[in-house]
Structures are given as structure tokens and as C-alpha cells.
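Trainee: Could you pick one part of this structure and take me through it closely? I'd like to know what sits in its nonpolar interior and what is packed around it.

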Amino acid sequence: MLGSELRSIREELGLTVNEMAERLGWPQSKVSRVETGRSGIRPHEVEATLDAYQVTATERREALATLAREVRQRMWWTPYSDVITQRYAEYIAFEAEACSMRSFAATLIPGLFQTAEYTRAISATLQPESPPQEIDALVNVRLARQNAALRRSDPLHVWAVLDEATLRRQIGGPKAMASQLHHLLTVSDEPHVTIQVLPFGTGAHSGLLGPFVILQFPLRSDLDVVHTESYVSNLHFERDNELATYSKLFQQLCAAALDVAASRDHIGLVIKDLK
């Protein structure tokens with residue numbers, strides 16, 4: 001958000017990246033990194049940066065200065081940088097700044113809804129060579145993500161469509177899975193969380209090619225992003241046509257899924273089957 005605002009201001013001034021770099025006394029690459037969100041601004045650089053970008057309005061200066069401070073204040077995951085991948089850190093950064101999330105889960109309960117036991121079982125399976133202390137750290141990261149997103153003063157609004165496979169796959173065993181599903185029902189009571197279940201009986205549906213997450217950001221809709229994940233990389237789609245495609249897919253999945261009340265009932269039936 002900060003980088004996008006600074007880029008917009010530079011373009012309003014009719015300056016190139018090179019010209020702005022000269023004003024700031026920075027390498028051109030640093031201006032590019034700041035404007036694309038790949039790098040933040042140190043606290044002592046904020047005033048000089050706003051002066052160079054000719055930001056004079058008090059309200060706008062305060063808003064941009066606040067964004068610059070929050071870049072560092074909200075990076076709670078930094079202590080875990082030795083156990084999480086760069087691509088995971090990038091996704092957490094997106095999630096930390098988003099105001100709403102729409103997601104489709106095809107195989108796993110979404111991370112923001114996972115219990116510690118469920119997360120531990122996944123981490124131990126996907127990273128069998130990791131020592132116990134590293135698995136513990138990954139579980140702590142997952143729980144910290146949940147706190148940062150769902151329990152902050154302005155909680156992330158989450159609307160998730162879950163394929164029935166996410167409910168039926170007994171990760172961690174029947175007891176752990178029953179506990180996970182009870183937790184899912186508890187989370188669904190939150191006013192900022194909407195959960196729908198896409199039952200097996202639906203047959204073919206528009207999400208067959210896999211899970212995705214659409215993140216929306218406050219103030220600037222042009223910063224919205226679609227996130228997909230594979231074993232080796234994360235993909236982020238930001239163009240209007242790509243966002244429109246995934247938004248349409250999500251609408252179709254919502255229409256095909258059970259409504260909220262029926263979804264809760266369906267989760268309850270799966271719990272009974274586990275017992």
C-alpha cells in the first residue's frame with residue numbers, strides 16, 4: 001500500500017524512477033523495491049522521503065508515515081524467518097495487510113481455521129525430516145497467524161468455501177479430526193467468518209483445478225491479489241482480468257455450496273460419522 005501510494009505520487013509529479021532516485025540519493029533499484037512493496041522504509045527515512053515526494057498535506061503525510069511505521073510493527077513473523085520459507089513470509093505479509101479474504105479449500109482446512117494438532121500432523125507429513133522443535137515453530141507460526149488475522153481490532157473478514165474432502169480426510173486421526181471440526185464450528189460463529197461446504201453430491205464444479213485465495217486491501221482495490229500455491233512456488237495474480245476470473249469462480253462455488261446453516265449441519269454430520 002505504501003509503495004503503491006508513493007508510485008502514484010511520483011507519477012503525478014511526472015518523475016521517472018531515476019529522477020526520484022536522484023532526489024532521494026538512493027540507488028534506482030531501491031526506489032523500485034519500495035514502490036513495488038519488496039522493501040520498506042526505515043523510520044529515519046520517512047520524513048526525507050515525504051519531502052522528496054513533495055507530500056505537503058498534513059493528513060496525507062501522517063497517513064503515509066503511519067503506513068511506513070506499520071510495515072515494521074506488523075511483521076510479527078520475523079523471529080520465525082529461520083523456519084518459514086520466503087514465499088510463506090510473502091503470503092503472511094499479504095494476509096497481514098488485507099481487510100478481507102475469499103478462499104476455496106480443496107484438500108485441507110484453511111490455515112486460519114486449523115487447530116494446533118491438525119497443523120502439527122500436516123507439518124510432520126510434509127516435512128518428515130524436520131526436527132521436533134522446527135515442527136513446534138511452524139505450529140506457533142500458524143497460531144500466531146490466526147491471532148494476527150482474526151483477533152485483531154479490525155479482524156480480517158473471511159469467506160471460505162470448503163470442499164467436503166477437507167472435512168472427510170482424517171488428518172491426525174479420527175479424534176484429532178473431530179476436534180478440528182468442532183473448532184471449525186466455533187470459528188464459524190464469529191461475525192467476520194463465513195463458511196460454506198461444497199458436498200460431494202455436487203459433482204463437477206468450477207474449483208476442480210485447485211484451491212485459491214483472493215485477498216482484498218483497504219483503500220486501494222487495485223492492490224487486490226489472487227494467491228495460489230504449489231510445492232515449489234506461490235503465484236500471485238493481480239491483473240483486473242485475472243481477478244475478475246477468480247471472483248467469478250468464487251461466486252459459482254458459493255452458489256453451488258450449501259448455505260451457512262446447512263453447512264454447519266453438514267459439518268456436524270461428519271463429526272457424528274467420525275464418532
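Mentor: Here is a walk through the interior, starting with the whole and ending with some helix packing.

This is a predicted model, so local features need pLDDT of at least 70 and side-chain atom pairs count only at pLDDT 80 or more, while totals for chains, interfaces and linings use all residues. Residues are numbered from 1 along each chain as its sequence is written, and side-chain values use heavy atoms, with hydrogens and water left out.

The protein has 12 helices and 6 strands (DSSP runs numbered from the N terminus: H or I of at least four residues for helices, E of at least two for strands). Its C-alpha trace spans about 65 × 40 × 35 Å along the principal axes. Of its 275 residues, 47% are buried (under 20% relative accessible area; over 50% is exposed, and in between is partly exposed, using a 1.4 Å probe and protein chains only). Look at contacts (heavy atoms within 4.5 Å) with a separation of 6 or more: 70% of them join residues 24 or more positions apart.

Now for the largest nonpolar core (buried Ala, Val, Leu, Ile, Met, Phe, Trp, Tyr and Cys residues joined through side-chain atoms within 4.5 Å). There are 34 residues in it, and Phe113, Leu167, Leu181 and Leu184 touch the most other members. Several elements give at least two residues each, including β1 (100-105), α7 (116-126), α8 (132-150) and β3 (193-198). The largest share, 6 residues, belongs to α10.

Let's zoom in on Leu184. Setting aside residues up to four places away in sequence, Leu184 touches Ile109, Phe113, Leu162, Leu167, Ile195 and Ile267. One of those partners, Ile195, has its place in strand β3. Ile195 is buried, with a relative accessible area of 5%. Leaving out neighbours within four places, Ile195 contacts Phe113, Ala160, Leu162, Leu184, Ser188, Val260 and Ser263. For a sense of scale, Ile195 and Glu62 are 133 residues apart in sequence and 37 Å apart in space, C-alpha to C-alpha.

What about the helices α7 and α8? They pack at an angle of about 135 degrees, with axes 9 Å apart (axes are lines fitted to C-alpha atoms, for helices over the stretch in contact, and angles run from 0 to 180 degrees between N-to-C directions). That makes α7 oblique to α8 (under 35 degrees is roughly parallel, over 145 roughly antiparallel, 65 to 115 roughly perpendicular and the rest oblique). On the α7 side, Ala116, Thr119, Arg120, Ser123 and Ala124 meet residues of α8 that include Ile135, Leu138 and Val139.

Helix α8 also has α6 (residues 86-97) beside it: their axes come within 11 Å and cross at roughly 20 degrees. So α6 and α8 are roughly parallel to each other. Tyr88, Tyr91, Ile92 and Glu95 of α6 make this contact with Val141, Arg142, Arg145 and Ala149 of α8.

One last stop is helix α2 (residues 17-24), whose buried residues are Val17, Met20, Ala21 and Leu24. Down the axis of α2 they fall within an arc of 105 degrees, so they line one face of the helix (the arc is that of the directions from the helix axis to the C-beta atoms). Their cover includes α1 (2-13), α3 (28-35) and α4 (46-52). Right after α2 comes Gly25, with a positive phi near 75 degrees.
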